Amino acid sequence: AKGCVTLGKDMTLRDYAQGCYRFRGLAKGQTLCLLIVDEVKQLIARTSNTGNVRFDVVAWLLTNSMRSENLQNLALCGQLMHNAWRRQAWRSLMGSEAPPKATKGELLPSRFRKPITDAAEIKKTLSVHSVLTEADLEAEQKKKEEGVAKKRLEQILMSIRASGKRLPFDHRDILRQAGNLTKGV
């Protein structure tokens, strides 16, 4: 008997091997036929074009495997970065003093001694437990302010246009320059 194996554009060597070994009796005289569509053939040729189809297919599958592993690594690194502040907060929470036991029907008291209400204390606490620098926070605030200013400018220009009045300038130039607006404008 002969089995057919097809290649998909995102297939890795592991996927290919799993598909091949699902065909029972490969070591007992069974054979496989590799079917490659033109689109995948072009992708393979971009990676390896030695003329030996078997070699080129394996090279392409290995390249896809490495690309897939790299994407997974980047995703895991991003998750680790997002969890950095959580680990620090968890350690801080676990190191704090446990609240007294609540009686039946009573809410559990806070694990923290007192809520932080002072703006300076909040900023200090956030700076200790944040992975963002002061410059990052300022850049985010500036982006937010510029976005609000640009949106407001667009609203004003739309209302002027809707009223039918002609502007003595090209409103597109104003919108292009809106990215240069500062907080005071």
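The following paragraphs describe the secondary structure, burial, salt bridges and surface of a predicted protein model.

Residues are numbered from 1 along each chain as its sequence is written, and side-chain values rest on heavy atoms, with hydrogens and water left out. Because the model is predicted, local features require pLDDT of at least 70 and side-chain atom pairs count only at pLDDT 80 or more, whereas totals for chains, interfaces and linings use all residues.

The protein contains six helices and two strands, taken as DSSP runs numbered from the N terminus (helices: H or I, at least four residues; strands: E, at least two). Along the sequence, these elements follow the pattern β-α-β-α-α-α-α-α. Of the 185 residues, 11% are buried, where buried denotes under 20% relative accessible area, exposed over 50%, and partly exposed the range in between (1.4 Å probe, protein chains only).

Strand β1 (residues 2-6) pairs with strand β2 (residues 31-35) in the parallel sense over five bridges; pairing requires that DSSP find at least two bridges between two strands. Within this pairing, Gly-3 has Leu-32 of β2 as its bridge partner, and Thr-6 is matched with Leu-35 of β2. The two faces of β1 comprise a covered one, with Gly-3 and Val-5, and an uncovered one, with Lys-2, Cys-4 and Thr-6. Together with helix α1 (residues 13-21), strands β1 and β2 make a right-handed β-α-β unit. A crossover is termed right-handed if, with the strands pointing away from the viewer, the path from the first strand over the helix to the second runs clockwise.

Helix α3 (residues 53-95) includes Val-58, and Ser-65 is also placed in helix α3. Ser-65 is buried because its relative accessible area is 17%. The side chain of Ser-65 reaches the backbone nitrogen of Leu-13 at 3.0 Å. Val-58, by contrast, counts as partly exposed because its relative accessibility is 37%. Val-58 joins Leu-62 and Met-66 in a nonpolar surface patch with about 270 Å² of accessible area together. Patches are made of residues with over 30% relative accessible area and no salt bridge, like charges being joined within 9 Å and nonpolar side chains (Val, Leu, Ile, Met, Phe, Trp, Tyr) within 5 Å. Accessible areas come from the Shrake-Rupley method with a 1.4 Å probe, and for residues only the protein chains shown count as cover.

The structure holds two salt bridges, each defined by a side-chain nitrogen of Lys or Arg within 4 Å of a carboxyl oxygen of Asp or Glu. One links Lys-9 to Asp-10, with the closest N and O atoms 2.8 Å apart; Lys-9 and Asp-10 are both exposed. Another links Lys-143 to Glu-140, the closest N and O atoms being 3.8 Å apart. Lys-143 and Glu-140 are separated by about one helical turn because they lie three residues apart in helix α5 (residues 134-163). Lys-143 is exposed, with a relative accessible area of 55%, whereas Glu-140 is partly exposed at 46%.

Key: A polar contact is a pair of N or O atoms within 3.5 Å; within protein, one must be able to donate a hydrogen and the other to accept it, and residues adjacent in sequence count only if both atoms are side-chain atoms.
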